[in-house]
Amino acid sequence: MLRYIGLRLLQAIPVLFAVITATFFLIRQAPGGPFDAEKPVIPAVKRALEAKYNLDLPMWQQYLHYLGDLFKGDMGPSFKYPGWAVHDLILSGLPATAELALYALLVALLIGVAAGVSAALKPNTARDYVPMSLAMLGICMPTFLLGPLLVLIFGFWLQWLPISGWGDLPGDKILPSLTLGAAYAAYVARLTRGGMLEVMSQDYIRTARAKGLPERVVIVKHALRGGLIPVVAFLGPAFAGLLAGSFVVETIFQIPGLGRFYVQAAFNRDYTMILGTTIFLSTLIIVFNLISDLLATWMNPKLRNQLSTKAGGNT
Amino acid sequence: MQGESNIDSGNRQQILHFGNGAELQGLDPHVVTGIAEHHVVQALFEGLVMKSAETLEVEPAAAESWSVSDDGKVYTFKIRKNARWSNGDALTAKDFEWSWWRALQPALGSQYVFMYFPIENAEAFFKQEITDFSKVGIKALDDYTLQVRLNNPTPYFMQLLDHYSMFPVHRATIEKWGKPHESYTRWTRPENIVTNGPFLLESWRLNKNLIVKRNSDYWGAERVRLNKIVYYPIESGVTEERMFRASQLHWTDEVAIERAPWYRENNPDAMRIKPYVGTYIYRINNKVDHLKDVRVRKALAMTVDRDTLMNTVLNNFFTPAYAITPPGLLGYQPPKTFSYDPDKARALLAEAGYPNGDGFPVTELQFNTNDQHRKIAIAIQQMWKKELNIDVRLQNKDWKVYLDDEATGNFEISRGGWIGDYVDPNTFMDMWITGSGINRTGWGNSRYDELVLKTAPEAKNREARYAAFFEAETLMMNDMPFIPIYTYSSHHFVHPSVKGMASNVMNYHNFRDVYLEPEESNRQEN
């Protein structure tokens with residue numbers, strides 16, 4: 001197992017290297033530079049700024065400089081926020097974004113699994129159609145619509161919850177988490193339903209029922225474990241997607257997260273910031289994919305046995 | 001569950017909750033650019049002078065007095081003896097001398113360095129044509145006397161001095177954390193920074209808020225009534241409006257234009273819309289074949305129905321413009337050389353060889369991706385089609401692509417805007433000099449250059465100077481290198497408890513004079 005993890009991590013190195021290289025050269029091909037503005041910087045100042053950030057060097061030298069600094073753990077200063085280094089900015093936004101992503105994932109799992117299981121147990125009845133239609137609506141409804149809608153209902157009409165902020169007032173994390181989690185809840189619900197329907201028709205479920213086990217035990221102990229495998233496989237990419245995709249929710253609710261930096265950096269041609277956030281998010285995606293693969297393996301006896309036989313055979 | 005609102009607790013404790021638009025680039029006065037930065041930096045630092053928000057005339061700040069030589073070229077400032085840095089050090093003329101030396105270091109890359117160029121040899125020193133700083137017209141004669149020599153009499157020089165790029169910075173702190181020309185050292189962090197303004201930096205949480213508190217050791221502390229200002233970086237006007245409605249903000253950075261009709265109907269006092277020193281224009285590429293002809297450019301300008309545009313698409317936020325300078329800039333009135341006149345426009349277009357628009361090439365109009373720019377472009381596209389029967393293709397572009405295309409002349413007609421840097425017509429005039437980096441239209445006129453670069457600066461008095469500007473602007477508008485569309489406005493939601501925040505064309509606030517006065521009858525309804 002450790003060998004498997006090690007191999008996967010080793011494979012990540014060339015992937016990351018390719019991401020860095022592609023990003024580095026692609027963003028420099030985009031028209032316009034970090035110091036272009038409606039009010040143009042006078043030429044002498046522009047030259048000074050370019051020299052300061054090594055932009056006056058040939059591209060390959062800039063690339064080597066960047067790789068060298070990166071190897072030392074230095075992502076350089078942000079072009080847009082010269083008072084801050086890129087890693088400062090990423091670290092300052094990460095806690096809020098990670099917390100938001102986690103809560104959103106919990107929301108997605110709680111709502112999604114409950115709705116999916118309930119639908120799968122009574123397929124093609126109202127208990128299936130209603131939650132699945134709602135799920136479809138959830139997938140279709142963009143966060144920039146759902147967020148303000150929830151704010152209107154719970155913030156302004158009912159006055160139950162704060163309309164913005166993060167950790168300032170009690171309950172201000174509820175609406176953002178619901179907003180971000182809703183679309184993912186819908187995906188989880190559909191995946192759960194599909195997984196459960198497939199598992200429920202398997203022989204071992206019939207065996208469990210034949211043994212006279214109560215339906216609750218059959219579902220929770222036997223069916224759910226197999227039925228949730230597609231959901232678990234989805235969780236890794238979903239969590240990474242939540243981290244990278246929280247921009248809209250962060251803007252609606254004024255949350256001091258990472259998403260805003262990520263999106264603004266591209267508009268600003270903030271080269272170091274684009275690279276920094278891309279490297280960071282790519283690493284997260286690789287790690288979370290690995291974790292969800294491991295979880296799925298652990299939950300699926302067939303794969304688990306295969307892996308341990310393989311590992312055993314090699315030792 | 002929502003608890004006490006920011007407005008209620010803020011009014012009780014004199015804490016202003018201020019929507020500040022974007023997150024700050026930093027706090028180094030010589031490095032940052034931008035309006036959000038300006039709001040914070042001018043609370044933390046103080047230059048030789050400040051402005052009155054009522055009149056925009058300069059008032060003494062770190063300098064308690066000054067005198068100007070008869071030829072208008074030598075300024076002598078007396079620094080006040082009770083001005084202090086926040087660590088207790090005295091603020092001296094030498095601080096200004098060193099700070100201005102620092103701002104002129106090319107390696108620092110100060111983007112507003114041109115503010116210094118009226119000073120003798122400042123530009124040459126910045127461009128490293130001379131290396132001896134003693135030849136630059138900046139000299140501390142003693143601890144409390146600063147002498148500044150200019151190249152030419154510069155009537156607006158005093159107006160430049162309260163710009164943050166000319167603020168003093170604390171030498172020992174900067175040198176402790178890095179080299180003077182390094183722009184991203186840790187000297188501006190809350191735990192390190194040393195400032196000299198009416199407020200002190202309390203905390204800065206990125207993308208959340210930045211808090212400043214009253215500086216009780218400030219020389220003019222008795223004038224300052226706010227205990228704190230909380231600045232919120234909120235880029236979405238819609239989010240801001242929601243926070244304002246929920247009593248979380250006293251002041252918003254902007255009013256989302258689509259919210260205006262509702263507020264006009266239901267809560268007109270909450271909205272403050274005032275003229276602002278900026279002009280929205282369409283640049284015309286004067287090098288493009290069919291746009292070379294001045295008759296074509298005039299025909300285009302004369303068929304933009306500005307009044308209809310203001311009444312419909314723009315919700316009466318702005319006022320129509322027929323020249324580049326906004327009206328009433330310290331008494332200057334721009335010429336009006338044309339008006340909305342479709343008949344005359346059609347005649348001009350016919351004279352230019354395109355009767356009824358026949359044979360007029362499809363023309364591209366570019367703008368940076370933004371809903372408002374798009375709406376304006378669609379309206380004008382339809383006006384031109386209806387009145388001139390010409391076809392215009394709209395092109396929206398990513399901000400940096402748009403800038404790049406405009407700078408390299410890769411456009412036919414391009415949206416543009418210009419915000420004045422200081423209160424003087426010159427800030428709108430010198431950008432159209434032949435070949436200026438901001439001109440970008442390919443237009444140039446030697447008489448115009450002479451009026452702006454020579455006649456106006458050498459004028460003996462304000463009347464003669466304004467007359468030179470008026471002649472130059474009339475000449476330019478007769479050539480129509482761009483189409484003026486409207487004069488900008490500043491627009492904010494303001495809670496009625498906010499006092500002392502006078503309106504002016506620069507949208508300049510002097511936080512020393514701002515205070516909060518809650519009145520029961522004023523309370524905002526949710």
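Here is a short chat about a predicted two-chain model.

User: Before we start, what should I know about pLDDT and numbering here?
Analyst: In this predicted model, local features need pLDDT of at least 70 and side-chain atom pairs count only at pLDDT 80 or more, while totals for chains, interfaces and linings use all residues. Chains are lettered from A and ligands numbered from 1 in the order in which they are written, and residues are numbered from 1 along each chain as its sequence is written.

User: Okay, how many residues does each chain bring to the contact?
Analyst: Two residues are in contact if their C-beta atoms, placed from the backbone, lie within 7 Å. With that cut-off, chain A brings 43 residues and chain B brings 42 residues.

User: Which element gives the most to the side of chain B that touches chain A?
Analyst: Elements here are DSSP runs numbered from the N terminus: helices are H or I with at least four residues, and strands are E with at least two. Two elements of chain B give two or more residues to that side, namely α7 (237-245) and α13 (399-407). The top giver, with 6 residues, is α13(B).

User: How does the side of chain B that touches chain A split by class?
Analyst: Ala, Val, Leu, Ile, Met, Phe, Trp, Tyr, Cys and Pro count as nonpolar, Asp, Glu, Lys and Arg as charged, and the others, Gly among them, as polar. On that basis the side has 8 charged, 16 polar and 18 nonpolar residues.

User: Which helix gives the most to the largest nonpolar core?
Analyst: A nonpolar core is a set of buried Ala, Val, Leu, Ile, Met, Phe, Trp, Tyr and Cys residues joined through C-beta atoms within 7 Å. The largest one has 156 residues, and those touching the most other members include A:Ala185 and B:Leu44. With 16 residues, the biggest share of this core comes from helix α4 (residues 86-121) of chain A.

User: Is A:Ala210 buried or exposed?
Analyst: This residue sits in helix α8 (residues 203-210) of chain A. Buried means 20 or more other C-beta atoms within 10 Å of a residue's own, exposed means 12 or fewer, and partly exposed is in between, with C-beta atoms placed from the backbone. Because A:Ala210 has 9 other C-beta atoms within 10 Å, it is exposed.

User: Which strands are at the edges of the open sheet of 6 strands in chain B?
Analyst: Two strands pair if DSSP finds at least two bridges between them. The pairing in this sheet is mixed, in the order β12-β16-β11-β15-β13-β14. Each edge strand pairs on one side only, and these are β12 (319-320) and β14 (392-397) of chain B.

User: Which residue of the hairpin of β8(B) and β9(B) takes a positive phi?
Analyst: Strands β8 (residues 199-205) and β9 (residues 209-214) of chain B pair in the antiparallel sense over 6 bridges, and B:Ser203 stands opposite B:Ile211. There are 3 residues between the strands, and the one with a positive phi near 65 degrees is B:Asn207.

User: What distance separates the centres of domain 1 and domain 2 of chain B?
Analyst: The bounds, from an automatic or database domain assignment, are 45-184 for domain 1 and 274-489 for domain 2. In chain B, 6 residues of domain 1 are in contact with 6 residues of domain 2. Taken over C-alpha atoms, the centres are separated by 35 Å.
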